[in-house]
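The following exercises are to be worked with the sequence and the model side by side. Each task is followed by a solution in steps.

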Amino acid sequence: MAWQAPKAEALAGIFAVNSKLANFESIDIDGLHGPEAVVANAAGDIYSTTHEGWILRWVKGETKAQRWVNVGGRPLGIAFDNEQNLWVANAYLGLQKVDVSGNVSLELTSTDGVPIRYADDLDILANGKIYFSDASTKFPAKNSGTLAASLLEIIEHAGTARVIEFNPANGKSKVIMTGLSFANGIAAAADDSFILVAETGSYRVWKYWLKGDKTGQSEVIVDNLPGFPDNIHRGLDGRFWLGLTSPRSAIVDKFSDKPFLRKIIQRMPSFLRPQVVPYGHI
């Protein structure tokens with residue numbers, strides 16, 4: 001789809017390059033890869049997803065990771081509900097639940113007759129409702145892997161991604177946002193009045209209202225980011241933390257209004273296509 005990418009801002013001001021993220025403490029993940037999400041349960045234990053399908057657990061006060069349960073597929077976003085069930089956005093399988101005993105169940109695989117092809121991130125409200133992103137309904141993550149599928153969705157920019165509401169109490173789900181270019185991170189406000197949605201392919205963050213006069217409406221609150229926004233998490237005092245996975249691609253932006261040329265680029269050998277630059281940004 002043709003679109004007009006906004007002019008990329010320089011990495012200056014609040015986006016100026018610095019080395020603060022170099023001062024990190026590395027945590028062993030038992031030889032596994034791709035810890036996409038990290039959450040804590042009510043007891044203070046820490047959990048993370050991995051590329052190999054394992055959910056890792058660090059019991060409070062311990063430093064060694066436990067391989068708690070393997071959910072299969074590619075688990076990405078995770079969140080705990082009030083009963084301390086762990087819900088998993090599994091890119092290959094759909095929406096999963098892991099109970100406190102480690103029993104895994106697949107809870108949702110389609111919505112409105114359309115399969116969930118790239119469950120990405122999720123958050124859970126106090127009332128138990130789950131909001132999660134289906135990052136691409138055209139390019140299944142299971143077919144080519146999460147990275148390749150994300151690049152296909154972003155470069156084509158067809159806007160096939162959506163955000164889904166799921167109510168575990170009655171098993172009903174509905175689509176609340178459509179037309180997004182790789183819907184990614186999801187985070188709910190502390191009072192459950194809205195959710196934020198990171199739209200990776202358009203370099204912006206949306207607010208979708210769940211309460212008040214604007215219920216059911218959405219608006220862009222952060223636009224023209226200098227990189228690709230990924231996960232977003234609620235912090236303290238109304239703060240949200242947003243990760244940018246890579247700076248924007250000059251080639252992708254240059255040909256944003258030329259879908260035919262983007263198709264040609266996408267059909268080139270992988271080493272000739274635009275590459276993800278490993279530059280983390282929070």
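**Exercise 1: The largest pocket**

Strand β20 supplies the largest share of the lining of the largest pocket, namely seven residues. The model is predicted: local features need pLDDT of at least 70, side-chain atom pairs count only at pLDDT 80 or more, and totals for chains, interfaces and linings use all residues. Residues are numbered from 1 along each chain as its sequence is written, and side-chain values use heavy atoms, with hydrogens and water left out.

Task: State which residues lie nearest the centre of the largest pocket, and describe its lining by element and by class.

Solution.
- Step 1. A pocket is an open set of points, on a 1 Å grid over the protein atoms alone, where a 1.4 Å probe fits, with protein on both sides within 12 Å along at least five of seven lines; lining residues have an atom within 4 Å of a point.
- Step 2. The lining comprises 43 residues, and Glu36, Asp230, Asn231, Leu244 and Thr245 lie nearest the centre.
- Step 3. Two or more lining residues come from each of α2, β19 (227-234) and β20 (240-247). Helices (H or I, at least four residues) and strands (E, at least two) are DSSP runs, numbered from the N terminus.
- Step 4. The classes are 22 nonpolar, 15 polar and six charged residues. Ala, Val, Leu, Ile, Met, Phe, Trp, Tyr, Cys and Pro count as nonpolar, Asp, Glu, Lys and Arg as charged, and the others, Gly among them, as polar.

**Exercise 2: The second largest pocket**

Task: Determine which element gives the largest share of the lining of the second largest pocket.

Solution.
- Step 1. Of the 20 lining residues, Val39, Ala79, Asp123, His233 and Arg234 lie nearest the centre.
- Step 2. The elements giving two or more residues are β1 (38-40), β5, β11 (119-124), β15 (183-188) and β19.
- Step 3. The largest share, four residues, belongs to β11.
- Step 4. By class, the lining has 15 nonpolar, one polar and four charged residues.

**Exercise 3: Strand β13 and its partners**

Task: Establish how many residues of β13 are buried, and which strands pair with β13.

Solution.
- Step 1. In β13 (residues 161-167), seven of seven residues are buried, that is, under 20% relative accessible area with a 1.4 Å probe and protein chains only.
- Step 2. In a regular strand the side chains alternate between the two faces of the sheet. Ala161, Val163, Glu165 and Asn167 point one way from β13, while Arg162, Ile164 and Phe166 point the other way.
- Step 3. β12 (residues 130-134) pairs with β13 in the antiparallel sense over five bridges, and β14 (residues 172-180) pairs with β13, also antiparallel, over six bridges. Pairing requires at least two DSSP bridges between two strands.
- Step 4. Glu165 stands opposite Tyr131 and opposite Lys174 in β14.
- Step 5. The hairpin of β13 and β14 has four residues between the strands, and Gly171 takes a positive phi near 75 degrees there.

**Exercise 4: An open sheet**

Task: Give the strand order of the open sheet of four strands, and explain why β5 and β8 each have one side without a neighbour in the sheet.

Solution.
- Step 1. The order is β5-β6-β7-β8, with antiparallel pairing.
- Step 2. β5 (75-80) and β8 (104-108) are at the edges with a single partner strand each, so one side of each lacks a neighbour in the sheet.
- Step 3. β5 pairs with β6 (residues 86-90) over four bridges, and the bridge partner of Pro75 in β6 is Asn90.

Technical notes: Buried < 20%, exposed > 50% of the residue type's maximum accessible area, 1.4 Å probe, protein only.
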